[in-house]
Amino acid sequence: MKNDALLRPALTLFLLFSLLTGLAYPLVVTGVAQAAFPAAANGSLIVENGKAVGSSLIGQGFSDPGHFWSRPSATSPMAYNAGNSSGSNLAPTAPALVDAVKARVEALRAADPGNTAPVPVDLVTTSASGLDPHISRAAADYQLARVARVRQLPVAQVQAMVEAQTEGRWLGFVGEPRVNVLKLNLALDRATMATR
């Protein structure tokens, strides 16, 4: 008898909170997000010529020497896998990490043999998520001459594009200036198409 007296309120509360937290709350949050922040609520997608080409929040790999290269990705089973965000979890002294960094430095040097500047650390190490869409301003500046040479554009023009795509510190003092690689490469593609 006691169990029956407890069962009805328990089921009522279960159904009430299921509707409240499983249906009403998500609908309200989604509605507020769509009304107040529609771009962010829909994945911060970047659309070119009517097609989504990526998200400003998710890194993509670029290997063509005429593009700026992103920070390396440690996601598996393939690089820049947004469904499996992860870092490498390798210690700074791990032989596998040391070998990977050396190989990345050699690849950067081979792609631009005349560049004797120090290689910025974010071009040879992965981020904690493996999906960082930004590189440092130093990493963008390191790649300027290569991209300008391959695209047959004046260095000053490419540098102006980097400057235009550089995002400053948040609130003016948090973080470091950074460049969204996808946005920069799309600006480069548009500039190259305009000169043809």
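User: Why is L20 called partly exposed rather than buried or exposed?

Analyst: In this predicted model, L20 has a relative accessible area of 45%. Buried requires under 20% and exposed requires over 50%. The value for L20 lies in between, so the residue is classed as partly exposed.

User: What makes L20 part of a nonpolar patch on the surface?

Analyst: Membership in a patch requires over 30% relative accessible area and no salt bridge, and nonpolar side chains are joined within 5 Å. L20, placed in helix α1 (residues 2-36), meets the area criterion with 45%. The patch is formed by L13, L16, F17 and L20, and together these residues have about 380 Å² of accessible area.

User: Why is the contact of R71 with D132 called a salt bridge?

Analyst: The closest N and O atoms of R71 and D132 are 3.8 Å apart. The cut-off is 4 Å between a side-chain nitrogen of Lys or Arg and a carboxyl oxygen of Asp or Glu. The pair therefore qualifies as a salt bridge. R71 lies in the loop between β2 (51-55) and α3 (95-111), while D132 lies in the loop between α3 and β3 (134-136); the pair links distant parts of the chain, 61 residues apart.

User: How do you know whether R71 and D132 are buried or partly exposed?

Analyst: R71 has 18% relative accessibility. Buried means under 20%, so R71 counts as buried. D132, at 24%, counts as partly exposed, because its value falls between the cut-offs of 20% and 50%.

User: What makes R137 and D141 a salt bridge, and how are they placed in helix α4?

Analyst: Their closest N and O atoms are 3.0 Å apart, which is within the 4 Å limit. R137 and D141 are four residues apart in helix α4 (residues 137-151), so about one helical turn separates them. R137 is buried at 18% relative accessible area, whereas D141 is partly exposed at 32%.

User: Which residues does the network around R137 join, and what ties helix α4 to helix α5?

Analyst: R137 also forms a salt bridge with E163, with the closest N and O atoms 3.0 Å apart. Since R137 lies in helix α4 and E163 in helix α5 (residues 155-165), this pair ties together parts that are 26 residues apart in sequence. Salt bridges with shared partners join R137, D141 and E163 into one network. E163 counts as partly exposed, at 48% relative accessibility.

User: How many salt bridges does the structure hold?

Analyst: The structure holds eight salt bridges, including R71 with D132 and R137 with E163.

Terms used. Residues numbered from 1 in each chain as written. Predicted model: local features only at pLDDT ≥ 70, side-chain atom pairs only at ≥ 80, totals over all residues. Heavy atoms only, no water. Patch = residues over 30% accessible without salt bridge, like charges linked within 9 Å, V, L, I, M, F, W, Y side chains within 5 Å. Areas by Shrake-Rupley, 256 points an atom, 1.4 Å probe, with all protein chains shown as cover. Helix = DSSP H or I, 4+ residues; strand = E, 2+ residues; numbered from the N terminus. Buried < 20%, exposed > 50% of the residue type's maximum accessible area, 1.4 Å probe, protein only.
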